[in-house]
Amino acid sequence: MAAPNKKWWKKSVVYQVYWRSFCDSDGDGYGDLEGVIRKLDYIRELGVDIVWLNPVYESPDLDNGYDISDYEAIMRKAGTMETWERLLTEVHRRGMKLMMDLVVNHTSDRHPWFIESRSSRDNPKRDWYIWKDAKDGKEPNNWRSYFSPSAWEWDEATGQYYFHSFAPEQPDLNWRNPEVREAIYRMMTFWLDKGVDGFRLDAIALLAKPDDFPDADRPEDIRYLTNNPGLHDYLREMNERVLSRYDVVTVGEAAFVTPEEGLKFVGEDRRELDMLFHFEICDEMPGWDMIRFKQIQRRWYAGLWGKGTNSQFLNNHDHTRQVTRYGNDGPYRVQSAKLLATMLHTLPGVPYIYQGEEIGMTGVRFDSIEDYNDIAMINRYAEEVGKGRDPMEVFRELQALSRDNSRTPMQWDDSPNAGFTTGTPWIRVNPNYLEINAAKDRSSPDSVYRYYQELIRLRKEHDVMAYGDFEEWPEWMDDERLYVYTRSLDGVRWLILLNHSDEPVPFEWPERVRSLTLRLLLANYPPRGDESERTATLRPHEARIYELLDDARR
Ligand code: ISL
């Protein structure tokens, strides 16, 4: 492969702070920015470089901050602009960078722009949103939204429908309108001039809409919301007008993209974004499927490597915790959490850590719909039960993938509410906080937290993790339990061995290894010293990282 195009952020590790569930400093039951400031040393000691902060802008908070009513003010629940500025200073003082969440596909219906737009058909801001007449007395087309049966909401006052890709309280901005784009670029400049180092671009594949909004053959397949013509013109203009003028790193949340489409967002010759989140795993692979996971990794490596940068993640604030969904959160929770981390940090792409993942926090199973807060789940529950379906059956169906599964409070210690708040938490704490918490992990040399520290240290000290070519060992390409691959750069070769299963699996060393020295760099079990034997036995959820040394490099 061609020599890698080195950038500081390609060697970085990003830590996602879902601040409302991170640390509550004033006892109101919500996390806040002051609480984040108090925990910055914890984040820094992990070794991460970038802190991604979920939206903190003024908002009615219907979709946990993804419904913004003032882009240039801080949500009272989170703190003040002064608190935010102190947070930025403290992040920088620790040598880290701050990535903000940029939600520009839609605003809240209580944003002044929308209040003006909906006030009359001839308001100057009418065309800042997407308004259509009824068609045959009903919605302009049959599209669903992410969070509701129709993507259209009737506005009685002006006798038209408006378009929303998410909840009716989240009207989509009309990106065709240059006034809208100018307003967004001004807002981005406002934050970049304050010193923000990066943006995570929310639902960025949805910005463009088709000319005529034709009916969908299969309304339940909502990919028609994404990747419409014109999208990349907007992103290229955003880059030219704003991003290219700052030393800023960007990651686009790009639902429903393939590697070929993904390259349009992050190709280094495209001058759009730096890296992307695709959802071929989290949106389309309900549970662990090693064969499918390997195929997805192969396709994205072939599609992007040497041309653009991928991310590696298996959970976030929208997707339940990886050790529960894709690993083993029972007897092998610690080993499994470390194995998944090893995989994400050694596969090609920038690793993203979702708060609590670094101590092996698990998904949650509350026993009633009243315990859940997620607007997506609540709306879907009402829709399905409204069709006459059995409420308990619908609840069980939605429970497993509810976004709240990953939104329970960060588990700091074994004090009440896991040290998250002295008040009543906005969402219940996972009852397993007595066994799983940061204080316990930080006091143990063999904890998940300590293992993440070692993984991140390896990434800092060795270019091969960020820039090395990826190659699976052919003998195990189709193995359902073992994942065996190398990363290689300038003569440095690392071998990663993973047993993603609940049973011990024999691993016969290939002949080609006989002439090499294997230096064990990191493992999630005590070393067995079986490298010189014909066959090693990989224990349940065992992960090993070796450096392969030939004579010349011993
Ligand atoms: O979680 C998903 C569905 O399984 C994602 O596809 C997600 O809903 C979608 O990609 C957009 O998510 C982002 O925008 C939403 C917000 O609710 C999510 O929290 C955010 O990550 C609307 O702003």
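Here is a short conversation about the ligand site and two cysteines in this predicted model.

User: What makes the contact between the ligand and the side chain of His106 a polar one?

Analyst: Happy to walk through that! An oxygen atom of the ligand is 3.0 Å from an N or O atom in the His106 side chain. The cut-off for a pair of N or O atoms is 3.5 Å, so this pair counts as a polar contact. The side chain of Arg200 also has an N or O atom 3.0 Å from a ligand oxygen, and for Glu253 the distance from a polar side-chain atom to a ligand oxygen is 3.0 Å. The protein buries 91% of the 500 Å² that the ligand exposes when taken alone.

User: Which residues surround the ligand most closely, and how do they divide by type?

Analyst: Of the 15 residues around the ligand, the closest are Asp63, Asp202, Asp283, Asp318 and Arg403. The shell divides into 8 charged, 4 nonpolar and 3 polar residues. As for location, the ligand sits in the largest pocket.

User: Why is Cys23 called buried?

Analyst: Its relative accessibility is 7%, and buried means under 20%, so Cys23 qualifies. Cys282, at 3%, counts as buried because of that cut-off too.

User: How many disulfides does the structure hold?

Analyst: The structure holds 0 disulfides. A disulfide is a covalent bond linking the sulfur atoms of two cysteines.

How values were computed
Residues numbered from 1 in each chain as written. Predicted model: local features only at pLDDT ≥ 70, side-chain atom pairs only at ≥ 80, totals over all residues. Heavy atoms only, no water. Near = heavy atom within 4 Å. Polar contact = N/O pair within 3.5 Å; in protein donor to acceptor, adjacent residues only side chain to side chain. Areas by Shrake-Rupley, 256 points an atom, 1.4 Å probe, with all protein chains shown as cover. 1 Å grid on protein atoms, 1.4 Å probe; cavity = no way out; pocket = protein on both sides within 12 Å on 5 of 7 lines; lining within 4 Å. Sits in = over half its atoms within 2 Å of the grid points. Nonpolar A, V, L, I, M, F, W, Y, C, P; charged D, E, K, R; others polar. Disulfide = S-S within 2.5 Å. Buried < 20%, exposed > 50% of the residue type's maximum accessible area, 1.4 Å probe, protein only.
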